[in-house]
Amino acid sequence: MHYSKIPRKIIAEEYIPEVDKSAIDYKFICFNGEPCLCWITDKSLKKYERMFYKLPEWEPQNIEYLDGWAILAKTSKPKPKNLDKILEICKTLSKGFPLVRVDLYITDEKILFGEMTFTTSSGRAKFSPDKWNYILGEKIILPKK
């Protein structure tokens, strides 16, 4: 619904080889400029694996996102060495948005921007255990008009 009034365009982006090489996609769920959770999807595997991390601690969480794309990872990934800088980038990009997912690719040398998503899975997927749907839903504070 929020794309319906945007004029249609074709945009060609520069190819970034590091994105294909890393195959690790970092997705930061942010509320009004505050990163809350990050999920990492490892796309190098035959069946994508995903793990959630509580921020800023980088504490693995036993959360599944039931979108049919990935299974819960069996092992956690190490905290990115430049997490403080990454979180500052997420805060800057997500400021002013009640809810947005900021996607980044992180290599040893670079932090690369992927996209910003306002309705992950078109708002149709759920978190498991179910309590996470309520925990995250309570963090959405809409602006007063």
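Select Phe 52 and Phe 127: both residues are buried, where buried means under 20% relative accessible area, exposed means over 50%, and partly exposed lies in between (1.4 Å probe, protein chains only). The model on the screen is predicted, so local features need pLDDT of at least 70 and side-chain atom pairs count only at pLDDT 80 or more, while totals for chains, interfaces and linings use all residues. Residues are numbered from 1 along each chain as its sequence is written, and side-chain values use heavy atoms, with hydrogens and water left out.

**Aromatic rings**

Keep the two phenylalanines selected and display their rings. Rings of Phe, Tyr and Trp (its six-membered ring) pair if their centres lie within 6.5 Å; planes under 30 degrees apart count as stacked, over 60 as edge-to-face and the rest as tilted. The count by this rule is 6 aromatic pairs. For Phe 52 and Phe 127, the ring centres are 5.9 Å apart and the planes stand at 70°, so this pair is edge-to-face. The pair links distant parts of the chain, 75 residues apart: Phe 52 belongs to strand S3 (residues 49-54) and Phe 127 to strand S9 (residues 126-128). Strands (E, at least two residues) and helices (H or I, at least four) are DSSP runs, numbered from the N terminus.

Next, add Trp 39 and Tyr 65 to the selection. Ring pairs link these two residues with Phe 52 and Phe 127 into a cluster. Then select Arg 50, whose charged end sits over the ring of Trp 39, 5.1 Å from the ring centre. A charge sits over a ring if NZ of Lys or CZ of Arg is within 6 Å of the ring centre and within 35 degrees of the ring normal.

**The largest pocket**

Now select Tyr 65, Leu 99, Thr 120, Phe 127 and Ile 140. The largest pocket holds about 360 Å³ of space. Of its 19 lining residues, the five just selected are the closest to its centre. On a 1 Å grid over the protein atoms alone, a pocket is an open set of points where a 1.4 Å probe fits, with protein on both sides within 12 Å along at least five of seven lines; lining residues have an atom within 4 Å of a point.

Strand S1 (24-31), strand S7 (100-106) and helix H3 (131-137) each give at least two residues to this lining, and H3 supplies the largest share, 4 residues.

**Salt bridges**

Select Asp 103 and Lys 27, whose side chains meet in a salt bridge (2.8 Å, N to O). Asp 103 is in strand S7 and Lys 27 in strand S1, so their pair ties together parts 76 residues apart in sequence. Both Asp 103 and Lys 27 are buried. A salt bridge is a side-chain nitrogen of Lys or Arg within 4 Å of a carboxyl oxygen of Asp or Glu; the whole structure has 6 of them.

Move to Arg 101 and Glu 115, which also form a salt bridge (3.7 Å, N to O). Arg 101 lies in strand S7 and Glu 115 in strand S8 (residues 111-117), so this pair ties together parts 14 residues apart in sequence. Arg 101 is buried at 8% relative accessibility, whereas Glu 115 is partly exposed at 39%. Add Asp 25 to see a network: salt bridges that share partners join Asp 25, Lys 27, Arg 101, Asp 103 and Glu 115.

Finally, select Glu 88 and Lys 91, which meet in a salt bridge (3.7 Å, N to O). Both lie in helix H2 (residues 83-94), 3 residues apart, about one turn of the helix.

Note on methods
Grid points are joined across faces, edges and corners, and a volume is the space filled by probe spheres set on the points.
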